[in-house]
Amino acid sequence: MPFVDGVIARIPQPFRDIALRHSELIKFAIVGGTTFLIDSGIFYTLKLSILESKPITAKIIAGVIAVIASYILNREWSFKNRGGREPAHEAALFFMISAIGVVISFIPLYISSYVFNLRVPEVSLATENIADFVSAYIIGNLLQMIFRFWTFRKFVFPEENGPIITEEHVRTAEEEEELGHS
């Protein structure tokens, strides 16, 4: 039984029905959290070392690597029951939409860095890093996430072509658990 199905099976009603209806969104959010860690780890490694004076370049590199990981995880897990496109066309759309998402995510960082000038020596290093985190990771990623989820479902993975998690799947998972099977 997949991990998310097991978690959903333990959610009390009526919240379980909501989780079942939004299982793709939940998986998309988990993938987003994973790629967030990849993105932020690479961004701060680059920004605090070889790209100290180039935060936009650091963010773009980190974003591109995170997008590659995102495609693999979303294709194989979040939207595995969707498709409707040839693999090359699907990948091209995914990366094009994700590139737009990367741009969306670094616009708040650009505004913070170059419009509000929240850069050393104008502000302290702590203030710069907090401003970078809030603008790039909270505001930028939230805007990017909303845009990407909607466009992935609408354009990249438009057709449901497999089983969707239903209450019956959850009941079966609960029954297996009661019998001691996993």
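Is Tyr110 buried, partly exposed or exposed? Hold that thought for a minute while I set the scene. What you see above is a predicted model, so please keep that in mind throughout.

Right, the overall layout. The protein chain has 182 residues, and 40% of them count as buried. Its secondary structure adds up to 7 helices and 2 strands. Read from the N terminus, the order goes α-α-α-α-β-α-α-β-α. If you take contacts between residues at least 6 apart in sequence, 77% of them join residues at least 24 apart. As for the outside, the accessible surface is about 10200 Å², with 68% of that belonging to carbon and sulfur atoms.

Now, the aromatics. Searching the whole structure turns up 16 aromatic pairs. Let me show you two of them.

One is Phe28 with Phe152, an edge-to-face pair with 6.1 Å centre to centre and 80° between the planes. This pair ties together distant parts of the chain: Phe28 sits in helix H3, residues 23-47, and Phe152 in helix H6, residues 125-156, so to speak 124 residues apart. How accessible are these two? Phe28 has a relative accessible area of 4% and Phe152 has 0%, and because buried means under 20%, both rings' residues count as buried.

The other is Tyr110 with Tyr114, and here the geometry is tilted, at 5.3 Å centre to centre and 50° between the planes. Why are they about one helical turn from each other? Because they are 4 residues apart in helix H5, residues 87-115. And back to my opening question: Tyr110 is partly exposed, at 44% relative accessible area. Tyr114 is partly exposed too, at 41%.

Back to Phe28 and Phe152 for a second, since both belong to one aromatic cluster. Their fellow members are Tyr71, Phe79, Phe94, Phe95, Phe149 and Phe157.

Last stop, the largest pocket. How much space lies in it? About 300 Å³. There are 21 lining residues, and the ones nearest the pocket's centre are Gly32, Thr35, Asn141, Gln144 and Arg148. Elements giving two or more residues to that lining are H3, helix H4 (55-78), H5 and H6. Sorted by class, the lining has 10 nonpolar, 8 polar and 3 charged residues.

That's my tour. Happy to rotate the model if anyone wants another look.

How values were computed
Residues numbered from 1 in each chain as written. Predicted model: local features only at pLDDT ≥ 70, side-chain atom pairs only at ≥ 80, totals over all residues. Heavy atoms only, no water. Phe/Tyr/Trp six-rings, centres within 6.5 Å; stacked < 30°, edge-to-face > 60°. Buried < 20%, exposed > 50% of the residue type's maximum accessible area, 1.4 Å probe, protein only. 1 Å grid on protein atoms, 1.4 Å probe; cavity = no way out; pocket = protein on both sides within 12 Å on 5 of 7 lines; lining within 4 Å. Points joined across faces, edges and corners; volume = space filled by probe spheres on them. Nonpolar A, V, L, I, M, F, W, Y, C, P; charged D, E, K, R; others polar. Contact = heavy atoms within 4.5 Å. Areas by Shrake-Rupley, 256 points an atom, 1.4 Å probe, with all protein chains shown as cover.
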